[in-house]
Amino acid sequence: MQKGGAVWALGTMSGTSLDGVDAAMVLTDGTRIFDFGPTAYRPYSPAEQATIRAAFGQWPGDPAVAAAAAVVESAHAELMSRFTGAEIAGFHGQTLAHDPQGQGTHQAGDGDLLARTLGLPVVWDFRSADVAMGGQGAPLAPFYHFALARHIGAALPLAILNLGGVGNVTWIDPRQTAPEHAGALLAFDTGPANAPLNDLMQRLTGTPQDAGGAFAATGTVDETLIDRFLTHPYFYRMPPKSLDRNDFHASLDVTHLAPQDAAATLTAAIAASVARGAEHFPTQVARLLVTGGGRHNATLMSQLSTRLRLDAEPVEAAGLDGDMLEAQAFAFLAVRVARGLPTSGPTTTGVPALVGGGKVSRP
Ligand SMILES: Nc1ncnc2c1ncn2[C@@H]1O[C@H](COP(=O)(O)OP(=O)(O)OP(=O)(O)O)[C@@H](O)[C@H]1O
Ligand SMILES: CC(=O)N[C@H]1[C@@H]2OC[C@@H](O2)[C@@H](O)[C@@H]1O[C@H](C)C(=O)O
């Protein structure tokens, strides 16, 4: 790869909601974004989802993990081979278990194998080095969020909120010139996002989402339950901090509520946890840009606007692509790793020093 200049990088993300793999190209030098390229999506089949789901919470050595890794690798190889013109790829893999203060963090899928299959340098295992140095290993999108804030010409502090299965937010001061500068970023996972709502909708309707938030819109929020939810110790921890998909399982029990009220309450809980998180922001933000699937949920967006007293806008309002932003992040981070630039630091993962996490596998 040419030193210094911008290159086309391909990034992939297989998120906690397990719908499929996103892939996107970005023209970048690892600092600035020069252009966005093609994108593609490859859903997991129900059988593939079941294989991956069976490995959730398991660590390498377990046969379920090997089976899940094989599914992740073949789905990525199939999707990534549709792209041409990339000089490097960033492969996030599928998080199966995340326990940064205990057993570590594990993303299924072998980047070495993909490098050989695709004939491209592949950067992967982005989170382990950060965790080994005492960081949370997540969230990692914040250094990309910083580049996005500069790219869209933001002049004042803003927040980028990702609402996937889990929520994560980045507070950004775009007046700083680099993400590693003191005062540029503060990032953390906000709490559970769509995962508990999806699980509820699956049980109620057989479809794992509340499309547009239409069902929740017909219910009433149980504010007492929300208040109790907000006493979870996670909300008292100072950021940076990160979560595994099911960390809140027992704390969000809505089974005693009428179905619509249960959906309304889980939707409001997402917004309430973001509002609680926003209390940690170093300054107020001028904009709240929302990415990830949750931005399609109108009830959730309106709950966010109410509870944060700020207009929650989809990232599309700033000309960005909220379906592909995480895949773009791993394209961008791949270039940073290849060039020896840090990908996380004390204010994004809590790691004591700047870290450039990620292995580089060459074909
Ligand atoms: N039209 C819609 N209406 C309501 N919710 C939606 C809609 N589209 C997507 N979602 C929600 O967004 C989720 C998917 O979001 P996304 O693709 O950002 O998650 P992910 O990347 O897998 O998760 P994470 O960021 O936690 O790794 C779905 O599971 C669903 O809950
Ligand atoms: C361990 C892990 O895979 N975490 C994911 C997950 O999904 C959302 C949230 O929890 C975030 O911390 C992270 O993903 C994004 C891409 C990140 O690292 O920024």
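The following paragraphs lead through a predicted model, from its domains to its ligand shells, its core and several single residues. Local features are given at pLDDT of at least 70 and side-chain atom pairs count only at pLDDT 80 or more, while totals for chains, interfaces and linings use all residues. Residues are numbered from 1 along each chain as its sequence is written, and chains are lettered from A and ligands numbered from 1 in the order in which they are written.

The chain is divided into domain 1 (7-139 + 325-361) and domain 2 (153-318), with bounds that come from an automatic or database domain assignment. The centres of the two domains, taken over C-alpha atoms, are separated by 23 Å. Across the boundary, 20 residues of domain 1 are in contact with 21 residues of domain 2, where contact requires C-beta atoms, placed from the backbone, within 7 Å. On the side of domain 1 that touches domain 2, strand 4 and helix 10 (325-338) are the elements that give two or more residues. Strand 4 provides the largest share of that side, three residues. Helices (H or I, at least four residues) and strands (E, at least two) are DSSP runs, numbered from the N terminus. By class, this side has seven nonpolar, 11 polar and two charged residues; Ala, Val, Leu, Ile, Met, Phe, Trp, Tyr, Cys and Pro count as nonpolar, Asp, Glu, Lys and Arg as charged, and the others, Gly among them, as polar.

Ligand 1 lies between the two domains, because both domain 1 and domain 2 give residues to the shell around it. That shell has 21 residues, of which Gly 15, Gly 164, Asn 194, Gly 292 and Gly 293 come nearest; a residue is near a molecule if its C-beta atom, placed from the backbone, lies within 6 Å of it. The shell around ligand 1 divides into two nonpolar, 16 polar and three charged residues.

Ligand 2 has 16 residues around it, and Thr 95, Ala 138, Pro 139, Ala 141 and Val 166 come nearest. Strand 4 (88-99) and strand 8 (166-172) are the elements that give two or more residues to this shell. Its classes are five nonpolar, nine polar and two charged, and at least three residues come from each of domain 1 and domain 2. Two of the nearest residues, Ala 138 and Pro 139, are joined by a cis peptide bond with omega about -10°. Pro 139 itself is in the loop between helix 4 and helix 5 (142-151).

The UniProt annotation "binding site", from an unreviewed entry, covers Gly 15, Thr 16, Ser 17, Leu 18, Asp 19, Gly 20, Val 21 and Asp 22; such annotations may be inferred rather than shown by experiment. Within this stretch, Ser 17 is in the loop between strand 1 (7-14) and strand 2 (20-28). Not counting residues up to four places away in sequence, Ser 17 touches Gly 164, Gly 165, Asn 194, Ala 195, Asn 198 and Gly 293. Gly 20 is in strand 2, and beyond the same sequence limit Gly 20 touches Tyr 41, Arg 42, Pro 43 and Tyr 44.

In soluble globular proteins, nonpolar side chains tend to be buried together. Here the largest nonpolar core has 106 residues, of which Ala 9, Ile 88, Ala 89, Ala 331, Leu 333 and Ala 334 touch the most other members. This core draws at least three residues from each of domain 1 and domain 2. A nonpolar core is a set of buried Ala, Val, Leu, Ile, Met, Phe, Trp, Tyr and Cys residues joined through C-beta atoms within 7 Å. Leaving aside neighbours within four places in sequence, the contacts of Ala 331 are Ala 9, Leu 10, Gly 11, Ala 24, Met 25, Val 26 and Gly 90.

In domain 2, Phe 188 lies in strand 9 (residues 185-192) and counts as buried because 28 C-beta neighbours lie inside 10 Å; the cut-offs are 20 or more other C-beta atoms within 10 Å for buried, 12 or fewer for exposed, and partly exposed in between, with C-beta atoms placed from the backbone. Among the residues that Phe 188 touches are Pro 239 and Pro 240, whose peptide bond is cis with omega near -5°.

Two residues other than glycine have positive phi values: Asp 125, near 50°, and Arg 309, near 50°. Asp 125 is buried, with 20 other C-beta atoms within 10 Å, whereas Arg 309 counts as exposed, with 9 C-beta neighbours inside 10 Å.

Conventions. Contact = placed C-beta atoms within 7 Å.
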